[in-house]
Amino acid sequence: MPIPATAAGLAEGVLQRRVPDVARAISWAESGDARFPELLTALFSKTGRARVTGLTGSPGAGKSTLTAALARKARAAGRRVGIVAVDPSSPFSGGAILGDRIRMQDLYTDPGVLIRSMATRGNLGGLARATADAVDVLDAAGYDDILVETVGVGQDEVEVFRLAESCVVVLTPGMGDDIQAIKAGLMEVADLFVVNKADRDGADRVVQEILQMLELGEHGAWVPPILKTVATTGTGIDELIGKLEEHRKFLDGPQGARRKSERTRMRIEGLIKEDFLRRVESLRGDSGALEAVAARVNARMEDPLSAARSLVGRIDRGFAAAAESPSSPSKKLPFSEFLSKESPVPKPENLVSRISHLGIAVKSLAEGGAFWDLLGLVEEHREEVASQKVLTSFRAVGESHLELLESTSPDGPIAKSIEKRGPGIHHLCVEVTDVRAALGRLKAAGVRLVNEEPFDGAHDCLVAFVHPSATGGILLELSEKKAKAD
Ligand SMILES: Nc1nc2c(ncn2[C@@H]2O[C@H](COP(=O)(O)OP(=O)(O)OP(=O)(O)O)[C@@H](O)[C@H]2O)c(=O)[nH]1
Ligand SMILES: [Mg+2]
């Protein structure tokens with residue numbers, strides 16, 4: 001069966017657990033394919049079932065051997081296993097000595113196991129994102145246990161690692177200073193410590209060192225257990241599985257819920273950061289924008305703060321435009337393109353057709369009108385709007401009007417406005433094509449409205465007011481011409 005090229009087709013293949021489709025979906029995640037977001041949308045509601053365990057530690061600590069041991073146990077229990085190796089030298093990713101790979105041949109040939117390696121691209125958190133996406137694909141494809149192996153060295157790997165539900169830090173005897181590095185980067189993300197190669201001298205000393213670290217450091221309701229294993233013989237594996245099970249139960253409790261939402265937040269935050277960083281990078285590259293602005297600042301033609309602001313403005317405009325244009329496969333930043341498409345930046349449809357009128361509060365129409373008569377702007381139309389307790393007088397100025405407003409009652413809005421601020425500009429009215437659509441959009445954006453529902457105004461219009469606090473200081477009237485009923 002050919003592998004589908006559309007997101008919808010591939011999603012179906014993944015959900016039907018077709019291995020080539022799963023592999024293709026992960027490739028999309030890894031390369032940041034423009035179709036991946038749609039795929040993830042289709043799959044995401046089917047995720048959340050798998051147990052995701054991360055294993056990290058120094059090179060050669062035995063992560064792959066442990067991963068293989070855990071995978072075999074899961075297979076023996078009839079569970080399907082996905083392995084993601086974020087590690088260039090892992091036997092799973094093919095970089096390790098052949099012997100290791102041969103020892104794991106059973107896993108490679110088992111149809112209930114899918115092994116996948118992720119390239120260390122090592123920049124801007126892309127790896128963490130791709131790995132999290134790959135895990136989601138495997139989860140949707142019904143893999144019960146997902147094991148993620150990473151080398152716990154760089155910040156990027158830590159980011160990957162902490163996305164797992166249960167994070168296992170693998171240490172070995174004779175690590176020396178390594179334990180300091182672990183302390184700095186991994187302490188607070190570790191859920192379990194494994195001292196592997198416990199068949200060697202010094203395992204107990206490592207256990208002691210970890211205990212000391214744990215005593216000094218802060219940890220929440222879950223105190224990370226420390227286990228000794230010999231991954232090559234399987235010693236301690238059952239205990240490790242038992243502790244992972246306990247941790248899983250902990251996560252299913254109230255403490256776990258908090259932790260899960262924290263990780264989800266982190267994942268979303270990571271995506272936003274990735275997008276921002278790419279935008280900043282885009283200034284460096286082809287456009288030369290950063291260099292040009294730097295030259296201006298160096299020449300003291302512009303200060304750095306203004307320069308930065310103008311560049312931020314350019315980024316926003318640039319990405320709004322990118323979101324409008326059809327995506328081309330040769331684009332360098334397909335994923336951030338996706339993010340900007342999803343963000344609320346894209347240019348909204350214009351709902352305003354023209355300035356309808358400027359409303360001026362006057363004590364009396366006669367007095368207020370006299371001045372405009374001098375300029376030849378004579379009254380065209382007079383109308384009382386009973387609901388607003390106001391008498392209005394319209395004078396055409398080209399396509400727009402002046403609307404003089406005289407209160408018909410001392411407790412009307414115009415009387416109150418004059419009492420507070422004196423006579424003068426009262427509001428600006430713009431004509432909109434659809435006042436309800438405009439109100440809906442403003443409301444969704446949290447804009448403070450005076451009227452949530454439009455009402456009948458002068459001139460056969462449907463109108464509503466927006467509070468000055470939202471518009472930059474002026475009361476804004478939105479007005480829609482009602483279709484003339486013949
Ligand atoms: N003596 C002993 N050797 C072990 C043990 N676990 C793993 N090894 C060996 O240590 C070597 C490295 O094991 P791996 O599982 O590849 O270690 P890793 O952490 O995945 O290594 P990288 O992926 O290269 O970082 C292999 O030769 C294993 O056979 C153990 O418990 N005891
Ligand atoms: Mg490995």
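These are my notebook entries on aromatic pairs, a charge over a ring and a metal site in a predicted model.

Conventions. I count residues from 1 along each chain as its sequence is written, with chains lettered from A and ligands numbered from 1 in the order written. Local features need pLDDT of at least 70, side-chain atom pairs count only at pLDDT 80 or more, totals for chains, interfaces and linings use all residues, and side-chain values use heavy atoms, with hydrogens and water left out.

Aromatic pairs. I searched the whole structure and found three aromatic pairs (rings of Phe, Tyr and Trp, the last by its six-membered ring, with centres within 6.5 Å; planes under 30 degrees apart are stacked, over 60 edge-to-face, the rest tilted). One of them joins W222 and F250, whose ring centres are 5.4 Å apart with planes at 40°, so I entered the pair as tilted. W222 lies in the loop between α10 (203-216) and β7 (226-228) and F250 in helix α11 (residues 237-252), so this pair ties together parts 28 residues apart in sequence (helices are DSSP runs of H or I with at least four residues, strands runs of E with at least two, numbered from the N terminus). I looked up burial too, and both W222 and F250 are buried (under 20% relative accessible area, 1.4 Å probe, protein chains only).

Charge over a ring. The charged end of R80 sits over the ring of Y143, 4.2 Å from its centre (NZ of Lys or CZ of Arg within 6 Å of the centre and within 35 degrees of the ring normal).

Metal site. S64 (OG) and E149 (OE) coordinate the magnesium ion (ligand 2) at 2.0 Å (donors are N, O and S atoms within 2.8 Å of the metal, or 3.2 Å for Na, K and Ca; water is not among the atoms, so sites may look incomplete). S64 is in helix α4 (residues 63-76) and E149 in strand β4 (residues 145-151), 85 residues apart, and both are buried.

Technical notes. Buried means under 20% relative accessible area, exposed over 50%, partly exposed in between (1.4 Å probe, protein chains only).
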